[in-house]
Amino acid sequence: MEYNTLIINNIEDVMVVTMSRPAALNALNRQTMRELHHFFVESPLPTSMKGVVLTGAGDKAFVAGADIKEFLGLGAQESSDLSAYGHGIFNAIENFPVPVVAAMNGFALGGGLELAMACHIRLASEKAKFGQPEVNLGTIPGYGGTQRLVRLVGLGRAMHWLMTGEMIDAPTALQAGLITGIYPGERLQDEAIKLVRTIAAKAPLAIREIVRTTLANFDPDTDGFQLEIERFGYLFETADFQEGVQAFLEKRKADFQGR
Ligand code: CO8
């Protein structure tokens, strides 16, 4: 697929995906959603790629939400279908087997914050602003925001920010646990890439199982404790676990192969 609204850059072993519609503050239009679907749902990640960084073009916005101009004329069924399509993509991001880090370089509003909340980890620039302003338009988040915001910051703060639609700044987001790091804008992307590489140096199968078992906490159909017991046992028979223990005993750095 030819990407028109995403820029994909392979920085050695890390894929940097940049939402790029700067004139609309990188708002997610249907084309961007199709391209995100292609990237995260339809295309297997090359094995040489250790993780993904998501960011926004320019220095003003990560993503300022879904494209409001495309809302005009939508009825209940069509808007629910678009919401469900987005849920599918964001679920795929959340379950991605390698780390996905959001580098939030400016406004992260509405669908933009929802996209970032589907990533495993969020870092932000000093001037980033976050919010779910859908209430100002007379609606609610439609890409998982009512669910993921509560998980990340708790019911009280989620209700407050969803009901007021207010924007919060980076220090507030850090304190609330919405993001885990703040960097000057010019360093943000490099820090996100560095974080992916730090994680990539760990055992890949353990990372995959961390994603799966941790998310089970939020799946009403899965007993997360039971899944942890099973996956813990499974990892004991992997070559990487043998290597990790051996390396510890021999006081050297482990060389994990993902086996
Ligand atoms: N959609 C479309 N265009 C946008 C969006 C957007 N979300 N945000 C900004 N733009 C455009 C503006 O219209 C403007 O375009 P133009 O120059 O052609 O008028 C350009 O980007 C620059 O924006 P501003 O001039 O407004 O820049 P400011 O610095 O004055 O303000 C703000 C920046 C505060 C970010 C402001 O642009 C704003 O409030 N944007 C809207 C934010 C918002 O409400 N986002 C939530 C949208 S709803 C949503 O995301 C729901 C997701 C679920 C969808 C489910 C299925 C469809």
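Let's start in the middle of a sheet: strand β7 (residues 121–125) and strand β10 run parallel and are joined by three bridges. Strands here are DSSP E runs of at least two residues, helices are H or I runs of at least four, and both are numbered from the N terminus. Two strands count as paired if DSSP finds at least two bridges between them. Before going on, please keep in mind that this is a predicted model, in which local features need pLDDT of at least 70, side-chain atom pairs count only at pLDDT 80 or more, and totals for chains, interfaces and linings use all residues. Residues are numbered from 1 along each chain as its sequence is written, and side-chain values use heavy atoms, with hydrogens and water left out.

To find the β7 and β10 pairing on your screen, look for L123, whose bridge partner in β10 is G181. Both strands belong to an open sheet of six strands, in the order β1-β2-β3-β5-β7-β10, with mixed pairing. At its edges are β1 (6–11) and β10 (181–183), each of which pairs on one side only. Ignoring direction, neighbouring strands of this sheet are turned by 20 degrees against each other on average. Such angles are taken between axes, which are lines fitted to C-alpha atoms (for helices over the stretch in contact), and run from 0 to 180 degrees between N-to-C directions.

Helix α8 packs on this sheet and touches β1, β2 (14–19), β3 (51–56), β5 (100–104), β7 and β10. The direction of α8 makes about 160 degrees with that of β7. Contact, here and below, means heavy atoms within 4.5 Å.

Which residue of α8 is worth a closer look? E191 is placed in this helix, which spans residues 185–200. E191 has a relative accessible area of 13%, so it is buried; the classes are buried under 20%, exposed over 50% and partly exposed in between, using a 1.4 Å probe and protein chains only. The side chain of E191 makes a polar contact of 2.9 Å with the side chain of R187. A polar contact is a pair of N or O atoms within 3.5 Å; within protein, one must be able to donate a hydrogen and the other to accept it, and residues adjacent in sequence count only if both atoms are side-chain atoms. Leaving aside neighbours within four places in sequence, E191 is in contact with L123 and Y183. L123 is the residue we met above as the bridge partner of G181.

Now move to the β1 edge of the sheet. Strands β1 and β2 pair in the antiparallel sense over six bridges, and N10 stands opposite M15 in β2. Their hairpin has two residues between the strands, and E12 there takes a positive phi near 50 degrees. Most residues other than glycine have a negative phi. Another positive value belongs to L25, which is not a glycine and has a phi near 50 degrees. L25 lies in the loop between β2 and α1 (30–42) and is partly exposed, at 25% relative accessibility.

There is also an open sheet of four strands, in the order β4-β6-β8-β9, and its pairing is mixed. Its edge strands are β4 (61–63) and β9 (168–169), each pairing on one side only. Strands β6 (residues 107–109) and β8 (residues 129–131) pair in the parallel sense over three bridges; F107 has K129 as its bridge partner in β8.

Further along the chain, helices α9 (residues 204–216) and α10 (residues 224–236) have axes that come within 9 Å and cross at roughly 170 degrees. That makes α9 roughly antiparallel to α10, a label used for angles over 145 degrees. Among the residues making the contact are L205, R212 and A216 of α9 and L227, E228 and Y234 of α10.

The loop between these two helices holds T222, which is partly exposed with a relative accessible area of 30%. Not counting residues up to four places away in sequence, T222 touches A216 and L227. A polar contact of 2.7 Å also joins the side chains of T222 and D219.

We finish in the segment after α11 (239–249), where K251 is placed. K251 is exposed, with a relative accessible area of 78%, and has a positive phi of about 55 degrees although it is not a glycine.

Methods:
Angles under 35 degrees count as roughly parallel, over 145 as roughly antiparallel, 65 to 115 as roughly perpendicular and the rest as oblique.
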